[in-house]
Amino acid sequence: MKIICIGRNYQDHAKELNNPVPKKPMIFMKPPSALLVNNKPLYYPEFTKDLHYELELVIKICKNGRYVQPEFAHKYYEQVGLGIDFTARDLQTKCKEKGHPWEIAKGFDGSAPISDFISIDKVNRHAIEFELKKNGERVQFGNTSNMIFSINEIIVYVSQFFKLQMGDMIYTGTPAGVGPVEIGDQLEGLLHTKDEVISMLRCEIK
Ligand code: MG
């Protein structure tokens with residue numbers, strides 16, 4: 001199982017970090033040891049002083065495939081969930097300045113809290129809304145119709161380089177509103193389905 005992440009996939013988020021809008025999906029990965037399941041807390045890592053949340057819609061890959069063609073991309077996922085792409089922003093900034101890979105800033109233990117998954121039939125698949133609350137206040141709100149690269153485009157692009165395998169997860173990028181957390185903060189990810197708003201994910205910073 002691998003965790004594939006897309007960077008800068010919302011214009012408003014690229015702008016808030018003064019990053020250029022990419023012309024192709026920007027891919028990075030996290031190792032399986034980054035996953036944080038069952039709403040477990042994240043212990044604030046010692047190596048950073050600027051830990052940021054990024055709430056993202058996550059899809060789960062349901063069949064194997066390489067070089068997926070656009071007309072078949074939608075067949076590769078049936079379930080969606082929410083995840084947080086925790087980022088040690090200070091380390092990431094140093095890596096970017098030096099042109100180094102991002103792994104230590106993005107792939108550390110517990111950097112990928114993940115919710116349970118629900119059927120994509122329960123949401124409006126072309127405009128999935130989701131939001132993050134920090135200590136009860138909304139700090140991020142996203143709609144996947146604002147993604148620069150759609151889920152299907154991501155699947156087509158990623159599968160040229162990496163064989164998609166059943167169980168892989170794709171974190172599809174974060175909307176604007178990213179920010180720091182402190183010890184004691186409570187994060188909650190909510191997903192808007194066709195019928196209701198579901199609390200999918202909780203994470204306390206310890
Ligand atoms: Mg992200």
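**A magnesium site and the packing around it**

In this predicted model, the magnesium ion is held by three protein donors, E54 (OE), E56 (OE) and D85 (OD), at 2.0 to 2.1 Å from the ion. Along the sequence, these donor residues follow the spacing E-x1-E-x28-D. E54 belongs to the loop between β4 and β5, while D85 belongs to the loop between β6 and β7 (87-88), so this pair ties together parts that lie 31 residues apart in sequence. Both E54 and D85 are buried.

It helps to step back to the chain as a whole. The protein chain contains four helices and 15 strands. Its radius of gyration is 16 Å, close to the 17 Å that the globule rule gives for 206 residues, so the chain is as compact as a globular protein of that length. Taken along the principal axes, the C-alpha atoms fill a box of roughly 45 × 45 × 30 Å. Of the 206 residues, 51% are buried. Contacts across the sequence are plentiful in the following sense: among contacts with a separation of 6 or more, 76% are between residues 24 or more positions apart.

The interior comes next. In soluble globular proteins, nonpolar side chains tend to be buried together. In this chain, the largest nonpolar core has 45 residues, and the members that touch the most others are V80, F86, I155, I170 and L191. At least two residues of this core come from each of β1 (3-7), β4 (51-53), β5 (55-61), β6 (77-84), β10 (129-134), α4 (151-161), β14 (186-192) and β15 (197-204). Helix α4 gives the most, with five residues. A second core, separate from this one, has twelve residues, including C5, A34, F117 and Y171.

Helix α4 deserves a closer look. Its buried residues are I151, I154, I155, V156, Y157, V158 and S159. These buried residues pack against β1, β2 (26-30), β5, β6 and β12 (169-171). L191, another of the residues that touch the most other members of the largest core, shows how such a residue is surrounded. Beyond its neighbours within four places in sequence, L191 is in contact with L57, V80, L82, I118, V123, I128, E129, F130, E196, V197, I198 and M200.

Aromatic rings also bring separate parts of the chain together. Three aromatic pairs are counted in the model. In one of them, F47 and F108 meet edge-to-face, with 5.3 Å centre to centre and 70° between the planes. F47 is in the loop between β3 (35-36) and β4, and F108 is in the loop between α3 (103-106) and β8 (112-113), so the pair ties together parts that are 61 residues apart in sequence. The two partners differ in exposure: F47 counts as partly exposed, at 41% relative accessibility, whereas F108 is buried, with a relative accessible area of 8%. A ring is also involved in a charge contact, since the charged end of K63 sits over the ring of Y76, 4.9 Å from its centre.

The loop between α1 (11-16) and β2 contains L17, and N18 is found there as well. At 26% relative accessibility, L17 counts as partly exposed. Not counting residues up to four places away in sequence, L17 touches R89 and V178. The C-alpha atoms of L17 and V178 are separated by 9.3 Å, although the two residues are 161 residues apart along the chain. N18 counts as exposed, at 71% relative accessibility. Its phi is near 55°, a positive value in a residue other than glycine.

R8 also has a positive phi, of about 50°, although it is not a glycine. R8 lies in the loop between β1 and α1. With 14% relative accessibility, R8 counts as buried, whereas N18 is exposed.

E137 completes the picture. This residue is found in strand β11 (residues 137-143), and at 58% relative accessibility it counts as exposed. E137 and N19 are 118 residues apart in sequence, and their C-alpha atoms are 26 Å apart in space.

Key:
Residues are numbered from 1 along each chain as its sequence is written. This is a predicted model: local features need pLDDT of at least 70, side-chain atom pairs count only at pLDDT 80 or more; totals for chains, interfaces and linings use all residues. Side-chain values use heavy atoms; hydrogens and water are left out. A nonpolar core is a set of buried Ala, Val, Leu, Ile, Met, Phe, Trp, Tyr and Cys residues joined through side-chain atoms within 4.5 Å. Buried means under 20% relative accessible area, exposed over 50%, partly exposed in between (1.4 Å probe, protein chains only). Contact means heavy atoms within 4.5 Å. Rings of Phe, Tyr and Trp (its six-membered ring) pair if their centres lie within 6.5 Å; planes under 30 degrees apart count as stacked, over 60 as edge-to-face and the rest as tilted. A charge sits over a ring if NZ of Lys or CZ of Arg is within 6 Å of the ring centre and within 35 degrees of the ring normal. Donors are N, O and S atoms within 2.8 Å of the metal (3.2 Å for Na, K and Ca); water is not among the atoms, so sites may look incomplete. The radius of gyration is taken over C-alpha atoms; the globule rule is 2.2 Å times the number of residues to the power 0.38.
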